[in-house]
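Let's take a look at how two chains meet and where empty space is left inside. Have the model open as you read.

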Amino acid sequence: MASKNLDLRRFPGFLPLTYLCLFLLYAPLIIVMIYSFNDSASITRWDSMSLRWYQEVFFGVEAPKFRTATFNSVTIALIAATSATIIATMAATAMLRSGKFRGKSASFALINLPLMVPEIVTAVATLIFFSAIGFKAGYLTIVLAHIVFCIPFAYLPIAARMQGIEDTFEQAAQDLYATRFQTFRLILLPLMTPGILSGFLLAFIISLDDFIITNFVKGAGVETLPTAIYGAVRQGIKPNIMAISTLLLLVSVVFVTLSYFVGRMGEKNK
Amino acid sequence: MPENDNIAVDIQNVTKMYGAFTALKDVNLDIRDNEFFTLLGPSGCGKTTLLRSIAGFEDITKGAIVLYGQNIANLLPNQRPVNTVFQQYALFPHMNVTQNVMFGLLRLGQDKATAKARVGEVLELVQLTAFADRMPSQLSGGQQQRVALARALAPSPKVLLLDEPLSALDLKLRQAVRLELQQIQQQTGITFVFVTHDQEEALTMSDRIAVIEGGQVQQVGSAREIYEAPKNKFVADFIGETNLLDVNVTDLAGGKGSCILPSGAQITCPAADGAHAGPGHLSVRPERIAITTAGGGLVQGNASRHIYLGTDVHVEVTLTDGEKVTVRMQNSTQIQIPEVGQAVGLEFEADAARLLVD
Amino acid sequence: MAAGPQPTPNSNTSTYAGFGIPLILPAWVIIGFFLVVPVCVMLIYSFLTKEFRGGVIWEFSLAAYDQFFFDRGLFGDEAPKIEWTYISIFWRSIWQAAVATVFCLIIGFPTAWFIATRTGRNRSIWLFLITIPYWVNLLIRTISMKFLIRDNGPMNELMLSSGLISEPIHIINTNLAVQLGLFYSYLPFMVLPIYAAVERYNFALSEAAADLYASRYVTLTQIILPAVKPGIIAGCILVFVPSLGAFLAPDLLGGAKNFMIGSLIEEQFKGAAGNWPFGAAASMILLSMVLVVLTLYARQQTREQG
């Protein structure tokens with residue numbers, strides 16, 4: 001008899017719903033991508049293909065503003081992701097490789113805390129805090145706020161990878177007269193590299209994409225790419241917004257794909 | 001074979017507790033210089049814990065571990081001049097064979113040239129010179145094991161610890177490697193402390209064996225001593241096969257004692273050191289018992305089962321008092337194997353038996 | 001939901017024992033100083049007096065919470081009645097978040113099931129496809145949703161020109177738009193935990209049910225759903241909680257008439273109309289609600305594993 005009827009994994013209607021799901025997820029993005037190539041200035045009519053809006057993004061009137069915003073976003077992301085990765089690596093070593101210590105379970109809650117608190121609450125609290133201690137809102141406040149919420153995202157792949165490395169390698173290293181620092185540097189760190197890289201990429205993209213917290217703590221003088229886009233959208237969606245959106249979209253996808261493959265690379269080498 | 005009485009590792013009153021659980025109870029052992037010493041016992045008996053305590057991966061609760069006169073119990077693993085061959089080899093996956101073997105030497109401060117020369121020596125010893133540039137993932141199980149051995153030998157440790165290194169190999173390979181390990185030990189003169197649960201391995205490779213159970217040393221001796229003169233029921237039962245008859249031990253004197261067999265016959269045979277009068281066991285190995293005519297011999301019974309093992313047949317005989325005795329008979333055309341149900345007598349030399357208490 | 005694997009209780013991976021505290025210290029400093037302390041400061045601020053044009057006067061006052069819950073008339077001198085304005089905003093947010101969660105569940109469960117029952121490489125590809133959109137900037141995603149469903153947007157264009165409808169469907173600036181936006185933002189959070197639960201589901205149970213004459217749908221409701229319930233609950237929490245405090249979806253898709261908590265709070269910190277203590281108070285109330293939900297969840301987890 002046809003295994004179709006007997007396949008206990010099949011539920012009629014689930015497949016169409018899955019396709020619907022995919023459609024719902026991709027349609028808005030694809031539409032934006034298509035329209036970003038629209039020659040017409042009107043966003044409702046489709047004229048012909050053109051790279052006009054991309055040209056405007058890079059060379060047009062608003063280009064400097066977006067360029068500065070991009071520069072800010074990228075540099076902030078680099079600093080935040082690097083700091084978060086270092087802190088997360090140390091934290092993972094503490095949680096997974098240092099036995100018991102006082103405050104260990106509290107530490108686990110702490111690392112997850114940024115994920116539990118709603119973004120807007122974090123944004124408000126950070127704004128209030130910097131104001132209360134008189135720390136002027138600007139580039140630095142953004143960086144500090146970003147490091148906080150990047151830590152759990154970097155921690156995820158790093159801890160997962162570390163968990164998968166048996167500790168016999170480190171024992172063997174110590175058996176062969178390596179100090180603990182040498183063991184960490186020569187054995188654990190190299191074996192962890194895919195996880196650390198993966199964590200860095202994840203943290204980078206999270207920082208790059210952040211809007212709400214950045215918007216609250218940035219003050220008036222600094223713009224990041226998301227806040228610049230938001231500001232422009234408030235005045236109405238113009239085609240160059242769609243061009244920028246498409247670019248940002250592609251960057252995100254590339255980064256996450258990289259992060260995924262980097263993480264997988266480590267698995268194959270073991 | 002140890003030529004001197006230098007003690008390489010002196011385990012003194014070592015106790016190890018995990019919370020309420022005692023893994024090692026007051027262990028005392030002398031391991032001699034240039035000896036191939038084996039820790040043998042069933043899983044969970046504490047032999048690996050003891051080995052790891054010598055290496056430094058376990059802290060001991062009480063006692064001392066004296067290595068050539070120096071107590072190393074409080075030193076970190078990287079401060080102890082002993083090296084370990086791990087059960088799963090633990091070769092560093094991101095380094096090739098040469099880098100793996102060189103690792104300990106570099107940590108000890110040797111310069112690269114000297115270290116590389118030593119690596120060459122050691123790889124030749126384990127016959128892996130051609131594989132010097134391979135990565136561990138490109139090696140077979142047997143080759144990985146030899147790299148692990150080379151890596152542990154390169155720093156010329158005073159004692160080499162081997163944690164069941166052959167358990168992951170298949171049978172034929174295991175037998176070949178056993179021989180090689182013995183040869184390497186003799187060539188290098190390094191004291192080997194070897195952990196295994198496999199008796200055959202222990203009996204064939206070791207100068208001396210410590211039988212361990214329940215965190216305690218049951219007996220220490222050469223293969224022959226342990227097999228022929230087991231000190232208690234556990235050792236007699238764990239090493240090889242034996243028959244244990246419940247008897248009452250009397251008249252202990254001069255290393256011998258008397259007991260009454262189920263047939264009523266009385267015999268005098270060697271007694272283990274700790275034997276005392278009262279309820280005990282008579283241990284006789286299956287290969288020391290001969291089957292004679294019904295009604296004859298020291299005890300009588302009926303053949304109740306055959307176990308066919310190819311070269312041997314083990315005949316199970318149920319005695320008059322219900323106890324079961326296994327007799328080993330050679331499976332040859334000249335030897336008549338009793339039928340099941342047939343009445344038989346069992347004969348053995350008094351000196352081949354042994355009186356034991358638990 | 002937690003970041004990464006739980007450390008094992010009897011971990012003998014203590015290679016770096018003794019270094020635990022120095023290693024975890026930077027995390028404590030950063031997260032403690034820039035999240036925990038700020039939240040405490042925010043709590044304090046909710047009990048201070050507002051300064052016009054933003055900021056606070058350091059004077060204790062319950063005005064913020066009072067303003068939230070009570071209506072004392074235009075001049076503040078009438079007997080207090082319950083102030084429904086803000087409570088209704090919170091209530092609407094709960095409602096919107098709940099609806100969005102249900103949307104996500106209806107679409108997400110079959111999707112998760114479908115993906116989990118694919119084999120080998122197919123499965124990874126499907127998973128990848130589902131998660132890629134999540135990695136696009138939330139702002140971009142919300143903008144594109146707005147672009148799509150506006151009155152003169154491509155969706156209406158397409159349906160008008162193909163004759164399906166005669167007038168543009170007005171979705172933008174309605175409840176539905178916001179719910180669509182929330183659904184769009186957090187769908188993968190529903191799919192992934194359910195996927196994980198279905199992946200661990202033992203299909204022998206389905207076979208046993210079939211062997212005992214159960215129909216496909218009886219099996220679904222009586223055997224499968226209870227078995228994957230933890231994944232479903234985790235997914236619902238992961239969608240509901242962020243939706244509650246969401247800002248972008250209501251702001252860009254809901255317009256002025258669809259105020260949610262996020263918009264309410266944001267407004268308090270903008271320019272002259274701002275009321276910092278009130279914003280802080282509203283944030284505290286939101287945070288408390290979220291903590292209640294999470295605590296209930298955690299307690300239910302431990303009860304089930306107990």
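## A bridge between two chains

How many salt bridges does the rule find across the interface of chain A and chain C? The count there is 1. Keep in mind that this is a predicted model.

The partners are C:D251 and A:R234, and their closest N and O atoms sit 2.7 Å apart. That fits the rule, because a salt bridge calls for a Lys or Arg side-chain nitrogen within 4 Å of an Asp or Glu carboxyl oxygen.

## Who does the touching

On the chain A side that touches chain C, helix α2 (residues 14-36) of chain A gives the most, with 16 residues. Sorted by class, that side of chain A has 73 nonpolar, 19 polar and 12 charged residues.

Now for the whole contact: chain A puts in 104 residues and chain C puts in 96 residues. About 9300 Å² is buried between chain A and chain C, and carbon and sulfur atoms give 78% of that area. As for polar contacts, there are 11 residue pairs between chain A and chain C, both residues being at pLDDT 80 or more.

## Empty space inside

Rolling a probe the size of a water molecule over the atoms shows where empty space is left. Here the count is 4 cavities of 30 Å³ or more, and the largest cavity holds about 60 Å³ of space.

What lines the largest cavity? Look in chain B for B:N243, B:L245, B:V284, B:I289, B:V299, B:L319, B:V325, B:L346 and B:F348. By class, this lining has 8 nonpolar residues, 1 polar residue and no charged ones.

Notes:
Residues are numbered from 1 along each chain as its sequence is written. Chains are lettered from A and ligands numbered from 1 in the order in which they are written. This is a predicted model: local features need pLDDT of at least 70, side-chain atom pairs count only at pLDDT 80 or more; totals for chains, interfaces and linings use all residues. Side-chain values use heavy atoms; hydrogens and water are left out. Contact means heavy atoms within 4.5 Å. Buried area is the accessible area (1.4 Å probe) that two parts lose on being put together, summed over both. A polar contact is a pair of N or O atoms within 3.5 Å; within protein, one must be able to donate a hydrogen and the other to accept it, and residues adjacent in sequence count only if both atoms are side-chain atoms. Helices (H or I, at least four residues) and strands (E, at least two) are DSSP runs, numbered from the N terminus. Ala, Val, Leu, Ile, Met, Phe, Trp, Tyr, Cys and Pro count as nonpolar, Asp, Glu, Lys and Arg as charged, and the others, Gly among them, as polar. On a 1 Å grid over the protein atoms alone, a cavity is a set of points where a 1.4 Å probe fits but cannot get out, and a pocket is an open set with protein on both sides within 12 Å along at least five of seven lines; lining residues have an atom within 4 Å of a point. Grid points are joined across faces, edges and corners, and a volume is the space filled by probe spheres set on the points.
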